[in-house]
Structure formats: C-alpha cells, structure tokens
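Thank you all for making time this morning. I would like to walk through one protein with you, going from its overall make-up to a few individual residues, so please have the view open in front of you.

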Amino acid sequence: RTRQALGGLLSELVSAGAGRKAPLSRLSLTPSRQPMMTAPAARAGGVALGAITIGLVLLVLVLLPPAALAGRGSPWTMSGMDFSVPSSYTNTQPSGVSCAGAAKCVAVGSDFESSDNQFTAVAGLWQGESWGEMSLPETFGIDLFSVSCPASGFCLAVGRTEFQGDDSSPVAELWQNGVWTVEQPLPSPSGGSANFFGVSCSSVTDCMAVGVQQAGSSTIPFAEQWSPGSWTVTAMPATGVELNAVSCPSSNWCSAVGGTTQGDYERPLAERWDGSQWTVQRVPGPPILKDNENTWETGLHSVSCVSASACAAVGTAGAVVQWNGRKWTLGYGQGGNQVSFTGVSCATVSDCSAVGSGTHGPVIESKSGSRWRQERQALGPKATLTDVALQPGGGAIAVGYRTTTSVIYPVGERRR
C-alpha cells in the first residue's frame, strides 16, 4: 500500500528534502487597443486580430505542458486549510478524510517519529472555515489510515497498532456525540499480524473495514463488519491479496479494492460483498510499466460507490476503473500513466473527484459527465495529496502533506 510504504520512507524524505521548481509563467492574451474603423475595415481587422489571437493560443498550447493548462481557473484553494497539531509533531500525514456535510468533515492520519520508528495517531475536525485538533483516546503506536462519516457527529476511523517491531493488529476508534472511544476489533483469524486499511459506513449502525492479515508466508484479505458494540469477521476468498479500500452504499452491498500478486507484480483486484459473502471480481488493469530502475505496480488504492451499479476505483499508472453493475471497465485520468491516484470520492455516477501525485507534484482530477479533467490545485510541487471527500452542494475537501528540508506537515485544499 502506497500510504504504508511512504511511512517507512519519512525520515529519508525529511533529510533529503526536494528541489523547488520554478513557478509556471503566464502569458497575457489581452488584445491591444485599436483605432476606430469603418465597418468593412473593422471586420477585416477583427479577422486579423482573431488570427493573431488563435496563433498566440496555439503557441501557448505548444510551449506549456498539458497538465499546466488543464483546469485553469478551478476553485481549489488553501484558504483556512491549516491543520492544528502539537508543535512537537514534525512528520504528520493525514491519510483519510470523510464529510457528512459542508461544515463537518473529519481527517485522520498519524505523526511518525523517525528516532524511535513510532507512529502517533492524529485527527482533525473541519468546521466550515477551519480545522480544529481532536482528542483521541489512544494515540501512541497507532497509525490511522481511513475514516468514514455517514452522518454528522458520527465517524469510524481504522488503522493498525504496532509497537516497535511487534506484530501489528487492527484498531478502530469511534467518534460520536463529540467524543472518541475505542471500538476494539476482533483479532485476525490467522492469529498473525493484521491491518485495517479502509472503512465504509452505510449508516451509523453498519460499517465494513477491510485490510490484510498474515498467515505464515501468505497474505490474506481481511474484513470485519461493525454494528454498535460488536465486530463480526467476514470470510474472504483468495490469498496473495491486499485490500486497500472499501465502499458500501448499503448494508448488503460493498466493493473492496486492492491488489493481488501475479508473478513478481501486483495487479488490480476487487471483491464484492452481497450481505452474506464476498466474491472475487476480475478487474482489468493498465500494462505493467517498467523503466531502467523501477517496475510500477498497478493495484487500486481507493473506491467510491454511489450504488450497487455505480463505482469508481483509482490506482497507479493513472488507472480509473468503473463498475456498472455487471463488469469493471478500465479507463484513465487526463494525466495518463504519469499519475498515481490515492483517493476518490463520488457524489453521483458522473460527478467524482480523485487526488494523487504526478510528475510535477499533487494532482486533482474531476469527472463531469464521462470525462476526467485535471484541475488547477493550490499546493506546490513538494506536496502530496492522499484523499478527497465531496460535500453536499458541490464542495470538496482534499488532504495530504508537504515536505520541507526539516519537517513533513499536514496540508489541505478546499473547493467551495
């Protein structure tokens, strides 16, 4: 999982830093003032001016990269998006965000202390114009990956707890009536290490968490269903599978996505919950990309379903796969295979936003109708976006982190 791998590299990122890229220059296409002309002359002058303007536009299209022009003028901003975390935290990464309304969103993640290789859980509350720090009942040794908020004032966050090399175990914390409490999941059936990577709640009485467990040398998918006060393990087929995310539009239907190992590479995979059992689904994936030094895996990192017949899942190599109730279909974002998506959120089948990272920094793409397009984001090239949540009324919140030479700190963007 991308998020988990990044955690292990934090200390290297902090020490290495990153070079700042020069800001993109802008060209003005405002025509100069013209003297008053007669009608025929004006028409001739208009044609000439139009030709010149078209020529300038074409010149801009040639000189500037497509990603720089895509989504110009989109309303993403960093205004009011500063997170509140303790001053001692220097490597803080939000991993997940969920919104139950325009003025109520919750983000979760962790701070990583490289000196003792230890995580500390963090959470923040969006209240319409700013983020506020939230007090969690248990934080030390906890890494939170995902959160789901099906109603205002109710959220379930999941992740793992791990203490300096010990086997990890799944962890969950519930926010209700303004207070966080621990909702301890059942141990993994294998008895080995286990992590929750994703969670989705169809209501305040039904949630599904997914992840991975270790059984000897085998990696096995892992899922538990939550109802108030209790957890139930739901058996999942297949081995060699890691599930990264889940989306449940109802209590009797969920889609979980991730990757399965085929030979030396990871390929995309999905499993479907019908209320009583999980079924493995075939998912087409992009070709495995190679260069002189790397092989790029093609698993799926996030999924969002608005119904049992409409889901969008995203992953590496720019992959965007759509579920129509019968099969998954492979597509790509506008950024192509240079983008690795980490989060997606859909309000309808034709209204989605996805975030991730590309060659030149953070990426936001939105789907309107059937096409994806890149939007102009406000963060610089040193930032990484990890998740996004759409809000009622067309707004959206995206979260991530920014790397400097000395710290990694949480950041976000908003679309009103």
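Before I come to the strands, let me settle one term: two strands are said to pair if DSSP finds at least two bridges between them. What you are looking at is a predicted model, and please keep that in mind throughout.

With that term in hand, look at strand β29, residues 396–403, and strand β30, residues 408–415, which pair in the antiparallel sense over 8 bridges. If you want a place to put your finger, A396 stands opposite R415 in β30. These two strands belong to an open sheet of 4 strands, which runs in the order β1-β30-β29-β28 with antiparallel pairing. At its edges are β1, residues 76–77, and β28, residues 383–390, each of which pairs on one side only.

Stepping back to the whole protein, there are 4 helices and 30 strands, and of the 416 residues, 48% are buried. The accessible surface comes to about 18500 Å², with 53% of that belonging to carbon and sulfur atoms. Among contacts between residues at least 6 apart in sequence, 49% join residues at least 24 apart.

Now to the interior. In soluble globular proteins, nonpolar side chains tend to be buried together. Here the largest nonpolar core has 16 residues, and the ones that touch the most other members are V106, V108, M134, L144, V147, W175 and W180. The elements giving two or more residues to this core are β3, β4, β6, β7 and β8, and the largest share, 4 residues, comes from β6. Apart from this core lies another, of 14 residues, among them C201, A209, W226 and W231. Returning to V108, and leaving aside its neighbours within four places in sequence, its contacts include L144 and V147, as well as P94, V122 and A157.

Let me finish with a serine, S247, which lies in strand β14, residues 241–250. Is S247 buried or exposed? It counts as buried, because its relative accessibility is 8%, and the cut-off for that class is under 20%. The side chain of S247 reaches the backbone nitrogen of C305 at 2.9 Å. Beyond its neighbours within four places in sequence, S247 is in contact with C305 and also with S200, W253, C254, S255, V303 and S304.

Terms used. Residues numbered from 1 in each chain as written. Predicted model: local features only at pLDDT ≥ 70, side-chain atom pairs only at ≥ 80, totals over all residues. Heavy atoms only, no water. Buried < 20%, exposed > 50% of the residue type's maximum accessible area, 1.4 Å probe, protein only. Contact = heavy atoms within 4.5 Å. Areas by Shrake-Rupley, 256 points an atom, 1.4 Å probe, with all protein chains shown as cover. Polar contact = N/O pair within 3.5 Å; in protein donor to acceptor, adjacent residues only side chain to side chain. Core = buried A, V, L, I, M, F, W, Y, C linked by side-chain atoms within 4.5 Å.
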